[in-house]
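Hi everyone, thanks for having me. I'll walk you through one protein model today, a few spots at a time, so please pull it up and follow along.

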Amino acid sequence: FTEYMISHNIPTSIAVNLRFGSRGQSGALVRKLNGIVSPIMGNTTLTGGEYVSLLSGQLYIEVVSEDQTGDFPHIRGQLVNEYNYYAYLSGSQVVPPQTTASKGLALFNYDTSEVNYVIQFDNITPNSLSINSALVGENGNVNIDLSTVTSSENVITGSFGIDGTFEENFTNGGSYVSMNGQIRGQIVSTFEQC
């Protein structure tokens, strides 16, 4: 399956669709996605051909507006892979699991000794934010404390250096993002097919 998080600012959205098509070309509907209120988080199962289309930049998201008479009855965004690691944050991944409406998505671009990140979240105010080393189902030590980073409209961006054992854990599924100890997400490669 493929996990997603979609942010948009259309107050009258009525549908969110996944479509085939290159940049600038209209394409066939692949499937309607669940949810219309931003941010939209979920997952969908892609066929082998759809997954290849995703990796080759041949899919896009379309958000359709209720106002079909305006200049922009819908918006679209081409799906490109500019991040090579991600983590989907939820209460179910915390050890022990937490029941919460809070959720988040962390995107990472790892390049030799530096990692750039974007973390989006909903229904939570981040007082404690860190990247820890441990496998799924285990708690681990803090490697990077991001608690002092300020957020703007439920988004946190920045970068940090990486090396040694932490680099090995980060690139091999042995690290996770933790927010307030309330939501957590294991960091995995964007090219891993679930």
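**A walk around the model**

Let's begin with one residue and the company it keeps. Leaving out residues up to four places away in sequence, Val115 touches Phe108, Asn109, Tyr110, Gly158, Ser159, Phe160, Ile162 and Phe170. You'll find Val115 in strand S9, which covers residues 114-122. Is Val115 buried or exposed? Val115 counts as buried, because its relative accessible area is 0%, and the cut-off for buried is under 20%. Now pick out one of those contacts, Ser159. Along the sequence, Val115 and Ser159 are 44 residues apart, yet from C-alpha to C-alpha the gap in space is 5.4 Å.

Before we go on, a word about what we're looking at. This is a predicted model. The average pLDDT for the chain is 88, and 95% of the residues score at least 70. Where is the confidence lowest, and where is it highest? The low end is strand S1, residues 2-6, with a mean of 80, and the high end is strand S13, residues 175-179, at 97.

Okay, over to S1 itself. S1 is mostly covered, with 4 of its 5 residues buried. S1 runs antiparallel to strand S4, residues 40-44, and 5 bridges join the two. If you want one pair to click on, Met5 has Met41 in S4 as its bridge partner.

Follow the chain into the loop between S1 and S2, and there's His8. His8 is another buried one, with a relative accessible area of 14%. Its side chain reaches the backbone nitrogen of Ile10 at 3.1 Å. Setting aside residues up to four places away in sequence, His8 touches Ser13, Ile36, Val37, Ser38, Ile40, Val63 and Ile75.

Next, a sheet. Here we have an open sheet of 4 strands, in the order S3-S2-S5-S6, with antiparallel pairing. Which strands stand at the edges? Those are S3 (29-32) and S6 (74-78); each has a single partner strand, so one side of each has no neighbour in the sheet. On average, and ignoring direction, neighbouring strands here are turned by 25° against each other. Let's zoom in on one pairing: strand S5, residues 59-65, and S6 go together in the antiparallel sense over 5 bridges. Within that pairing, Glu62 has Arg76 in S6 as its bridge partner.

Something packs on this sheet too, and that's helix H1, residues 48-55. H1 touches S2 (13-20), S3 and S5, and its direction makes about 90° with that of S5. Which residues of H1 are buried? They're Glu50, Tyr51, Ser53 and Leu54. These four cover an arc of only 160° around the axis, so they sit on the same side of H1. A handy bit of background is that an α-helix has 3.6 residues a turn, so residues three or four places apart point the same way. As for what lies over the buried residues of H1, the cover includes S1, S2, S3 and S5. And just after H1, look for Gly57, which takes a positive phi of about 75°.

Now for strand S7, residues 85-90. How many of its residues are buried? It's 6 of the 6, so S7 is largely enclosed by the rest of the structure. Remember that in a regular strand the side chains alternate between the two faces of the sheet. In S7, Tyr85, Ala87 and Leu89 are on one side, Tyr86, Tyr88 and Ser90 are on the other, and both faces are covered. S7 pairs with strand S8, residues 103-111, in the antiparallel sense over 6 bridges, and there Leu89 stands opposite Gly104. S7 also runs antiparallel to strand S15, residues 188-189, joined by 2 bridges. In that pairing, Tyr85 has Ser189 as its bridge partner.

Last stop: Ser133, in strand S10, residues 129-133. Ser133 is buried, with a relative accessible area of 18%. Which side chains does the Ser133 side chain make polar contacts with? One is that of Asn143, at 2.3 Å, and another is that of Asn169, at 3.3 Å. Leaving aside neighbours within four places in sequence, Ser133 is in contact with Gly140, Asn141, Asn143, Phe166, Asn169, Gly174, Ser175 and Tyr176.

That's my tour, thanks for listening!

How values were computed:
Residues numbered from 1 in each chain as written. Heavy atoms only, no water. pLDDT = per-residue confidence, 0-100. Buried < 20%, exposed > 50% of the residue type's maximum accessible area, 1.4 Å probe, protein only. Polar contact = N/O pair within 3.5 Å; in protein donor to acceptor, adjacent residues only side chain to side chain. Contact = heavy atoms within 4.5 Å. Pairing = 2+ DSSP bridges. Axes fitted to C-alpha atoms, helices over the stretch in contact; angles between N-to-C directions. Arc of directions from axis to C-beta.
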